[in-house]
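User: I would like to learn how to read the features of a protein model, going from its overall layout to its charged and aromatic contacts. Could you take me through them one at a time?

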Amino acid sequence: GNEASNKVTLASSTKVHSVSLSSPTDTVAGNEDVYIPVEVKDEDGEKIVNVARLNELERDDEIIVDVKGALLDDRKTFVERDGEVFLKLKTKNVTDEDGEDAEVSIEVESSGEESEIEFTVEENAYAERIARVNASKAVYYDRAHGIGLDDLVIEDQYGRVFDDHSDYKVK
């Protein structure tokens, strides 16, 4: 038999150094998921986008996420969308038409680097108006053509397409 040997040097695992939160870009309403943009960098200033690793670090208290106000503490996770990292949170039920304040802070335990944002969680969304009817359906006076909720584009009070039809009926 032949023998061979090679010297292999393993790189140390990437260590999180800093985090930066940005305000959500969409309307944040009660009883919904909210996606907060997060930029995470290592000691060399390189972006970290491995959300599995970030979630592991959060579980191990190496990244500490604290939420206050109209946010649920037990429903936080890092997610990737279109190559960017977000902190996904769930908002509480908000019935006040003026909304409720929310605050998120995040800290890297080893470096002490932290970031904090505040925003308002608006009242829970509800179906406010029919924006349009699917053009492939013809509507005639006093005739039933089986138009259902899937044939309607419904918007909430914030002008967003409203997809939660579970409590609504077409008559």
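Analyst: What follows goes through the layout, the burial, the salt bridges, an aromatic pair and a charged patch, in a model that is predicted.

User: Let us begin with the layout: how many helices and strands does the protein chain have, and in what order do the elements run?

Analyst: The elements are counted from the N terminus. Here the protein chain has one helix and nine strands, and the order from the N terminus is β-β-α-β-β-β-β-β-β-β, with helix H1 spanning residues 51-59.

User: How is burial read, and what share of the residues in the protein chain is buried?

Analyst: A residue counts as buried under 20% relative accessible area and as exposed over 50%, with partly exposed in between. In the protein chain, which has 171 residues, buried residues make up 33%. Ile154, found in strand S9, is one case: its relative accessible area is 9%, and Ile154 is therefore buried. The C-alpha atom of Ile154 is separated by 8.9 Å from that of Val133, although the two residues are 21 residues apart along the chain.

User: Where does Asp164 lie, and is Asp164 buried or partly exposed?

Analyst: Asp164 lies in the segment after strand S9, which covers 152-156, and with a relative accessible area of 44% Asp164 is partly exposed. Its C-alpha atom is separated by 8.4 Å from the C-alpha atom of Ala127, a residue 37 residues apart from Asp164 along the chain.

User: Turning to salt bridges, how many does a search of the whole structure find?

Analyst: The criterion is a side-chain nitrogen of Lys or Arg within 4 Å of a carboxyl oxygen of Asp or Glu. A search of the whole structure finds eleven salt bridges. One of them joins Lys88 to Asp33, with the closest N and O atoms 3.8 Å apart. Lys88 belongs to strand S5 (residues 84-91) and Asp33 to strand S2 (residues 33-42), so this pair ties together parts that are 55 residues apart in sequence. Lys88 is partly exposed, at 24% relative accessibility, and Asp33 is also partly exposed, with a relative accessible area of 36%.

User: Which helix holds both Arg53 and Glu56, and how should I read their salt bridge?

Analyst: When both partners sit in one helix, the separation along the sequence is worth checking. Arg53 and Glu56 both lie in helix H1, three residues apart, which is about one turn of the helix, and the closest N and O atoms of their salt bridge are 3.0 Å apart. Both side chains belong to partly exposed residues, Arg53 at 25% relative accessibility and Glu56 at 36%.

User: What joins Lys68 and Asp66, and which residues are linked in a network of salt bridges?

Analyst: The side chains of Lys68 and Asp66 meet in a salt bridge with an N to O distance of 3.5 Å. Lys68 is partly exposed, with a relative accessible area of 44%, and Asp66 is partly exposed at 30% relative accessibility. Salt bridges can also be read as a network, and here Glu32, Asp156 and Arg160 are linked in that way.

User: How many aromatic pairs are there, and what is their geometry?

Analyst: The angle between the ring planes decides the class, and planes over 60 degrees apart count as edge-to-face. The count comes to one aromatic pair. The ring centres of Tyr35 and Phe86 are 6.5 Å apart and their planes are at 85°, so the pair is edge-to-face. Because Tyr35 lies in strand S2 and Phe86 in strand S5, the pair ties together parts that are 51 residues apart in sequence. Tyr35 is partly exposed, with a relative accessible area of 25%, whereas Phe86, at 16% relative accessibility, counts as buried.

User: Finally, which residues gather in the patch of negative charge, and which strand gives the most to it?

Analyst: Residues of a patch have over 30% relative accessible area and no salt bridge. The patch of negative charge on the surface gathers Asp96, Glu97, Asp98, Glu100, Asp101, Glu113, Glu114, Glu116 and Glu118. Strand S6 (100-108) and strand S7 (114-121) each supply at least two residues of this patch, and S7 gives the most, with three residues. Glu114 is found in strand S7 and is exposed, with a relative accessible area of 56%.

Definitions and conventions. Residues are numbered from 1 along each chain as its sequence is written. This is a predicted model: local features need pLDDT of at least 70, side-chain atom pairs count only at pLDDT 80 or more; totals for chains, interfaces and linings use all residues. Side-chain values use heavy atoms; hydrogens and water are left out. Patches are made of residues with over 30% relative accessible area and no salt bridge: like charges are joined within 9 Å, nonpolar side chains (Val, Leu, Ile, Met, Phe, Trp, Tyr) within 5 Å. Accessible areas come from the Shrake-Rupley method with a 1.4 Å probe; for residues, only the protein chains shown count as cover. Lys and Arg count as positive and Asp and Glu as negative; His and the chain ends are not counted. The place of a charge is taken as NZ of Lys, CZ of Arg, CG of Asp or CD of Glu. Helices (H or I, at least four residues) and strands (E, at least two) are DSSP runs, numbered from the N terminus. Buried means under 20% relative accessible area, exposed over 50%, partly exposed in between (1.4 Å probe, protein chains only). Rings of Phe, Tyr and Trp (its six-membered ring) pair if their centres lie within 6.5 Å; planes under 30 degrees apart count as stacked, over 60 as edge-to-face and the rest as tilted.
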